[in-house]
Amino acid sequence: MKVKSSLLGMALAILPVFGFAGNNIKMVVGTYTDAGSQGLYSFSFDQSTGEVSALSSLSVDNPSYFTFSKNGRFIYAVSEQNSSKAVLNCIGFDPVTGSFSFMNSQLTHGADPCYVDTDGRIALTANYSSGTISVFPILKNGTLDKSQLQISSRKGGPNRSRQGIPHAHCAVFAPDGNIFATDFSGDRLLSFYYNKDEQKLEDHGIAAHVKAGSGPRHLVFSPNGKYAYLMNELSGKVIVYKYTEGKLKEIQSVLADNAQAKGGADIHVSPDGMFVYASTRLKGDGITIFRTDYNGKLTRVGMQPTGRHPRNFAITPNGKFLLVACRDDNKIQVFSRDKNTGMLQNTNQDISLSRPACVKFYRIK
């Protein structure tokens, strides 16, 4: 089923409201709003068929990345702006009906926030254009307190056009609560821990150096928490780390971007931990597929072409589908996924939406 963004209002008026039943889960999409998109959209997604139904929308400026609270009652969404309008928004969310309600927003005091993560106590944003990380205490009602600008990355990478000023692209919680940030321009991974009493990040130093000019972008952990996978934007390589007691030990580096387009983007692990998927852009756009072994190492097993600029993608909780936000083709592609081989197949059930940038699922536990 296709949902045209221009017809979304009509669709919302006639579609029934879905609760959680069987394989129906909630999907939320964040978009860039410079071409007519409202901002955030919610859908009911059928994990058994890949069919989608529009539910609700909310006007938010450039919610290019967001995350759910653990109970699904809140969404923390950036407004990616290179100005004083750069904020983190707290959005109320009904995980049964998919409806939104604006709660509050706080300035990031850092330009172009492009990533957000939360552990329930605080939310973190990576502010790309200023190369900083902002920390937002979360109040008892789920809303955001004022940001505390904590960290600055550095410049120094050899790619002067892309690394000439500090950039931060990701700040993520490890399964054990440690915090890692990608220092895009400094070609490093940084490590921190949040001191609740003093309400600040404690600097644990450099977690890992990567080869100069790599441009580390996104870091994800395996479901068992034993391995971490780093997507490097400029080198197009995935680096595999063994993770033990807050320490990262590199064990492998493997190429994802065959076109060498310097457009490595997103990375995710399948729910069973058996496969890793990495998206690449700018040339030869698509999803590279890796199989994991018992040591967490990767073997490349395939590549699935996608629409233009696959900035972000998500795998359904049951592992049956992988959805790709193709920003420059104004659509989300729905791929079925073979759990045994890891291969993807286009279901041709595209969701038409202006400039999609982030796709996430929430399943009522």
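**Exercise 1. A hairpin to warm up**

Task: Work out how β20 and β21 are connected, and find the turn residue that has a positive phi.

Solution: The two strands β20 and β21 make a hairpin, with five residues between them. In that turn, look for G273, whose phi is positive at about 75°. Keep in mind that this is a predicted model. Next, check the pairing: β20 and strand β21 (residues 275–280) are antiparallel and share four bridges. One bridge to locate on your screen links V269 with V276 in β21. Finally, look at the surroundings of strand β20 (residues 264–269): six of its six residues are buried, and the strand is mostly covered.

**Exercise 2. Two open sheets**

Task: For the open sheet that contains β1, give the strand order and say which strands stand at the edges.

Solution: Start with the order, which reads β3-β2-β1-β29, with antiparallel pairing. The edge strands are β3 (52–59) and β29 (356–362); each has a single partner strand, so one side of each lacks a neighbour in the sheet. On average, neighbouring strands here are turned by 20° against each other, direction ignored. Now zoom in on one pair: strand β1 (residues 24–31) and strand β2 (residues 39–46) run antiparallel and are joined by seven bridges. Within this pair, M27 faces F43 in β2 as its opposite residue. As a reminder, strands of a sheet pair through backbone hydrogen bonds, either parallel or antiparallel.

Task: Do the same for the open sheet that contains β17: what is the order, and which strands are at the edges?

Solution: This sheet also has four strands, in the order β16-β17-β18-β19, and the pairing is antiparallel. Its edges are β16 and β19 (247–255), each with a single partner strand, so one side of each is left open within the sheet. From one strand to the next, the twist averages 25°. For a closer look, take strand β18 (residues 237–244) and β19, which are antiparallel and joined by eight bridges. There, T244 stands opposite K247 in β19.

**Exercise 3. Two residues in their strands**

Task: Is N232 buried or exposed?

Solution: First place the residue: N232 belongs to strand β17 (residues 227–232). Its relative accessible area is 0%. The cut-off for buried is under 20%, so N232 is buried. Then list what surrounds N232: beyond its neighbours within four places in sequence, N232 contacts V210, S214, G215, P216, R217, K237, I239 and G264.

Task: Now classify R300 by its relative accessible area.

Solution: R300 sits in strand β23 (residues 298–305). With a relative accessible area of 30%, R300 falls between the limits of 20% and 50%, so it is partly exposed. Not counting residues up to four places away in sequence, R300 touches L255, A256, N258, T288, I289 and F290. One of these, T288, is twelve residues from R300 along the chain, and the C-alpha atoms of the two are 7.5 Å apart.

**Exercise 4. The largest pocket**

Task: Describe the largest pocket: what is its volume, and which lining residues are closest to its centre?

Solution: The volume is about 1400 Å³. Of the 39 lining residues, T67, D117, H268, K360 and F361 are the closest to the centre. Several strands give two or more residues to this lining, namely β4 (66–68), β8 (113–118), β12 (168–173), β16 (216–221), β20, β24 (310–315) and β29. By character, the lining divides into 23 nonpolar, nine polar and seven charged residues.

**Exercise 5. Enclosed spaces**

Task: How many cavities of 30 Å³ or more does the structure hold, and what lines them?

Solution: There are two such cavities.

- The largest cavity has a volume of about 50 Å³. Its lining consists of S64, Y65, C114, H169, R217, H218, R311, N312 and A357, and β16 and β24 each supply at least two of the lining residues. Three of the residues are nonpolar, four polar and two charged.
- The second largest cavity has a volume of about 30 Å³. It is lined by I133, I151, S153, A168, A181, T182, D183 and L190. Strand β13 (residues 179–183) gives the largest share, three residues. Five of the lining residues are nonpolar, two polar and one charged.

Key. Residues numbered from 1 in each chain as written. Predicted model: local features only at pLDDT ≥ 70, side-chain atom pairs only at ≥ 80, totals over all residues. Heavy atoms only, no water. Pairing = 2+ DSSP bridges. Axes fitted to C-alpha atoms, helices over the stretch in contact; angles between N-to-C directions. Buried < 20%, exposed > 50% of the residue type's maximum accessible area, 1.4 Å probe, protein only. Contact = heavy atoms within 4.5 Å. 1 Å grid on protein atoms, 1.4 Å probe; cavity = no way out; pocket = protein on both sides within 12 Å on 5 of 7 lines; lining within 4 Å. Points joined across faces, edges and corners; volume = space filled by probe spheres on them. Nonpolar A, V, L, I, M, F, W, Y, C, P; charged D, E, K, R; others polar.
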